[in-house]
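Student: I should like a close look at a single part of this protein, namely the second largest pocket and what surrounds it. Please take me through it in one connected account.

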Amino acid sequence: MKRLLRYLKPYTKECVLGPLFKLLEATFELFVPLVIASLIDRGIADADGGTIWKMGALLVGLALVGLVSAITAQYFAAKAATGFAASLKHAVFSHLGSLSFSARDALGTSTMVTRLTSDADQVQNGVNLTLRLFLRSPFIVFGAMVMAFVVDGRAAWIFVAAIPLLSLVVFGIMLRTMPLYKKAQAGLDGVTGTLRENLNGVRVIRAFRQEADETARFDAENDALTKLNEFVGRISAAMNPLTYVILNAALIVLLHTGAVRVNVGSLTQGEVVALVNYLMQILVELIKLANLIITMTRAFACADRIAQVLEIKPGMESGSARPTENAEPLVSLENVSMRYDGAGGDALSGITLSASRGETVGVIGPTGCGKSTLVQLIPRFYDATAGTVRIDGVDVKDYDLAALRRRIGIVPQKAQLFKGTIRDNLLWGDPDATDDRLWAALETAQAAEFVRTREGGLDAPVEQNGRNFSGGQRQRLTIARALVRKPDILILDDSASALDLATDAALRRALRETDGAPVVFIVSQRAASLLHADRILVLEDGRAAGLGTHEELLASCPLYREIYDSQFPKEATAV
Ligand code: ADP
Ligand code: MG
């Protein structure tokens, strides 16, 4: 929580003025029972119409001034709370952007969403209520007690006995529920996660008739969360009855002793009414205080969860080295191993590979053998656990991250487009690219034709996740996006998987003819896509099962031969 307070700092003025106006309001409120007492004792008892009107007008005046103070306080509190939440969300969002892929993997998407939404809202609520009530409620409670002493010293002792009892109940319940709120937010993470997965995968779920199972899974998590919330709710709900019992007991004692003493004449009727009024004020304020404490407890738990995110180190320090052009080889991996955080075994082990300008390297192997992992080491999405990845002879860990990634055009396995226009998406490759360059990239990526026929051409809209394009179209647009950059290193991670064989072949032909002579990494499951690569790496369970040209591998690598034969059964008999 302390860490988060600095986002409240710009609102210091509001944080002082808000509670101050609340105290002003409370002060006026504390005078009201005294005015009522004199209205009864002097105005009504003596049948003095003038006093009744005067006191009545005073009451209205106090109410008006109180109202103005309250609205002013509310304004400042709301301004501070919303401003604080906005800058907090901003900070968390940009921090998430700086996190390495491993750190994001460890955190998970749904919890990031809850922390930015529900948690941040709870904290905002907490700040708002704290500014309004944290000073006011105790002030009224003790103020009312003091006023009770002013009215009548003996009766005030009832207040002295009731307040600690009430505090005991309120704080006891607070201590009990505090840890449970944290657990409830974690439960919310789970429910959000299931919901996300379900919404994203709705087609698959329907196709495999998993609706019932999915509903059951959601129900189970939702029920668990509901039970937990009900449990916390029940504990909190005990607060009101308990406090009311204590207060009403105090009220009975007060009315009884008061009545006896009014009879004797040592207390006036107005004074008894004033005392009852103060007792009621204390009750209302204690209930507000209790609610405030619940909100604060929850806000603290949520603030903790947000602070946890902010405390995660970006996990990857950028080096400062800049590219030194024309060193040979351009990309080299030396005995590289890689293990994901928390994984049981290495995803890659002992891979050595190099490629010079203009060369094409193919990577092939069964799914899960580490192909994507391998190519993600080059733009340093993950760090190798052992060995070194060098670009132009410089260890990628020493590279300035932005400069490194600017040299690389990567087409990820999952084609991802963003809401906007085709042009917006392509310009991610290079914001300064001219239309001619965009069209050239689309041409090479075999995407020009369908872009040309779309209404709007380059300005045709792209919906969220590019869902208004087919899988193959998305893939070609992501390839074009990488090409616009004119990268030194082009990485195609299974990027032709949704293309038909003819388009795939045309794409590879066009890539060979592009100028700039980038190193091209082509990851594929299809041997046909890699036939002409200068070198092909065959991966099996993260290890190199072979490295060489198509002909060399056919002769020397049984796994490659097996993959090839399974895809070209006729030629298999001929070779
Ligand atoms: P391929 O691209 O060859 O299909 P990957 O490189 O994606 O294979 O995965 C290699 C192995 O690493 C797999 O066993 C996979 O389960 C694991 N893996 C991939 N990504 C992650 C990740 N983010 N966290 C943990 N393990 C992962
Ligand atoms: Mg892959």
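Tutor: The model is a predicted one, and its chain is divided into domain 1 (2–310), domain 2 (328–407 + 489–575) and domain 3 (414–486). Domain 2 is thus written as two segments, 328–407 and 489–575. Between the C-alpha centres of domain 1 and domain 3 there is a distance of 52 Å.

The second largest pocket has a volume of about 300 Å³. Because both domain 2 and domain 3 give residues to its lining, this pocket lies between them. The lining consists of 16 residues, and those nearest the centre of the pocket are Leu483, Lys486, Pro487, Thr514 and Asp515. Two helices, H14 (435–444) and H16 (471–484), each supply at least two residues of the lining. The largest share comes from H14, with four residues. In chemical class, the lining of the second largest pocket comprises nine nonpolar, three polar and four charged residues.

The enclosed spaces of the model may be set beside this open one. A search of the whole structure finds two cavities of 30 Å³ or more. The largest cavity has a volume of about 80 Å³, and of the 13 residues that line it, Leu492, Ser495, Ala496, Asp504 and Ile522 are the closest to its centre. Helix H17 (501–513) and strand S10 (519–523) are the elements that give two or more residues to this lining; H17 gives the most, with four residues. Seven nonpolar, three polar and three charged residues make up the lining of the largest cavity.

The second largest cavity has a volume of about 50 Å³. Among the residues that line it are Leu377, Tyr382, Asp383 and Lys397. Strand S4 (residues 386–391) provides the largest share of this lining, three residues. By class, the lining of the second largest cavity divides into five nonpolar, two polar and three charged residues.

A metal site also deserves attention. The magnesium ion (ligand 2) is coordinated by Ser372 through OG and by Gln413 through OE1, at 2.0 to 2.2 Å. This pair links distant parts of the chain: Ser372 belongs to helix H11 (residues 371–376), whereas Gln413 lies in the loop between strand S6 (408–411) and strand S7 (420–421), 41 residues apart. The two residues may also be described by their accessibility. Ser372 counts as buried because its relative accessibility is 19%, under the 20% limit. Gln413 has a relative accessible area of 43% and is therefore partly exposed.

The cysteines complete the account. A search of the whole structure finds zero disulfides. For Cys15, the closest cysteine sulfur is that of Cys302, and the 19 Å between the two sulfurs is too far for a bond. Cys15 counts as buried, at 17% relative accessibility. Cys369 is likewise in no disulfide, since the nearest cysteine sulfur, that of Cys557, is 12 Å away, and a disulfide requires two cysteine sulfur atoms within 2.5 Å. Cys369 is buried, with a relative accessible area of 1%.

To return to the part requested, the second largest pocket lies between domain 2 and domain 3, because both give residues to its lining.

Key. Residues are numbered from 1 along each chain as its sequence is written. Chains are lettered from A and ligands numbered from 1 in the order in which they are written. This is a predicted model: local features need pLDDT of at least 70, side-chain atom pairs count only at pLDDT 80 or more; totals for chains, interfaces and linings use all residues. Side-chain values use heavy atoms; hydrogens and water are left out. On a 1 Å grid over the protein atoms alone, a cavity is a set of points where a 1.4 Å probe fits but cannot get out, and a pocket is an open set with protein on both sides within 12 Å along at least five of seven lines; lining residues have an atom within 4 Å of a point. Grid points are joined across faces, edges and corners, and a volume is the space filled by probe spheres set on the points. Ala, Val, Leu, Ile, Met, Phe, Trp, Tyr, Cys and Pro count as nonpolar, Asp, Glu, Lys and Arg as charged, and the others, Gly among them, as polar. Domain bounds come from an automatic or database domain assignment. Donors are N, O and S atoms within 2.8 Å of the metal (3.2 Å for Na, K and Ca); water is not among the atoms, so sites may look incomplete. Buried means under 20% relative accessible area, exposed over 50%, partly exposed in between (1.4 Å probe, protein chains only).
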